[in-house]
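Me: Could you take a close look at one part of this structure with me? I would like a connected account that I can follow at the bench.

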Amino acid sequence: MTFYELAKSRYSCRSYTDRPVEREKLISCAETAINGPSACNSQPWSFLIVDDRETALALSETMRDGAIRMNAFTRDCPAFMVIVEEGANLSAKLGGKYKDQEYAQIDIGIAAQSICLNATDLGLGTCIIGWFNEKNAAGLLGIPSGKRIRLIIAIGYTETAAPSSKNRKPFEQKVRFNKWK
Ligand SMILES: Cc1cc2nc3c(=O)[nH]c(=O)nc-3n(C[C@H](O)[C@H](O)[C@H](O)COP(=O)(O)O)c2cc1C
């Protein structure tokens, strides 16, 4: 598969089998994230791999939190990658302030996509989860107070086939050349 094909085949999977994910595959996903770029090479992240059934189930509760019962599918997911934001280095912090940019969150977004693409390449499904009860998740996982969980990525073997097409706005609406016009 070319990288182009890989990127196009990644999708948010919302149906997982209970087959455990091999730890080497989860480690490989974390490694690709660690090898990604970050502003001033600040590496403002830590990755917490959850692959123990009991902890995964409890963590999924924090994503199913709230009246609208989001993310019910996470109940069956065997593994999660929790991305915790770490303090950026001084140059990234100063640069971000000066340029009014949230570099650490941009870096974490890049890391998340690296994890998803690597997992796809390894035959796994993923779904980035931004809706979770952060306080409960941090408490469950023992994350030190003051550290923010930015994203949780569901990772597992898919139960259903990939969707046949992607719901995307037209290319022409999203990509321009040279000038905005
Ligand atoms: C920051 C972020 C947060 C997201 N949070 C959730 C979520 O809580 N639950 C969910 O089912 N999908 C979530 N998604 C997945 C998006 O809904 C999905 O990427 C989008 O609909 C495009 O579909 P695709 O990933 O299948 O191409 C999130 C994606 C991102 C990037």
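Where is the place of Thr62?

Reply: Happy to help. This is a predicted model, in which local features need pLDDT of at least 70 and side-chain atom pairs count only at pLDDT 80 or more, while totals for chains, interfaces and linings use all residues. Residues are numbered from 1 along each chain as its sequence is written, and side-chain values use heavy atoms, with hydrogens and water left out.

Thr62 sits in helix α3, which covers residues 53-63. Helices here are DSSP runs of H or I with at least four residues, strands are runs of E with at least two, and both are numbered from the N terminus. Thr62 has a relative accessible area of 6%, so it is buried; that word means under 20%, with exposed over 50% and partly exposed in between, using a 1.4 Å probe and protein chains only.

What surrounds Thr62? Apart from its neighbours within four places in sequence, Thr62 is in contact (heavy atoms within 4.5 Å) with Phe132, Asn133, Asn136 and Ala137. A polar atom of the Thr62 side chain also lies 2.6 Å from the backbone oxygen of Leu59. Ser38, on the other hand, is 24 residues from Thr62 along the chain, and their C-alpha atoms are separated by 28 Å.

Two loop residues deserve a look as well. In the loop between α3 and β2 (79-85) is Asn71, which is not a glycine yet has a positive phi of about 55°. Asn71 is buried, because its relative accessible area is 13%. Gln43 belongs to the loop between α2 (23-34) and β1 (45-50); Gln43 is not a glycine either, and its phi is positive, at about 50°. With 36% relative accessibility, Gln43 is partly exposed.

Finally, the pocket. A pocket is an open set of points on a 1 Å grid over the protein atoms alone, where a 1.4 Å probe fits, with protein on both sides within 12 Å along at least five of seven lines; lining residues have an atom within 4 Å of a point. The largest pocket is lined by 15 residues, and Lys93, Gln101, Glu102, Tyr103 and Ala104 lie nearest its centre. Two or more lining residues come from each of α4 (90-99) and α5 (103-121), and α4 gives the most, with four.

Terms used:
Polar contact = N/O pair within 3.5 Å; in protein donor to acceptor, adjacent residues only side chain to side chain.
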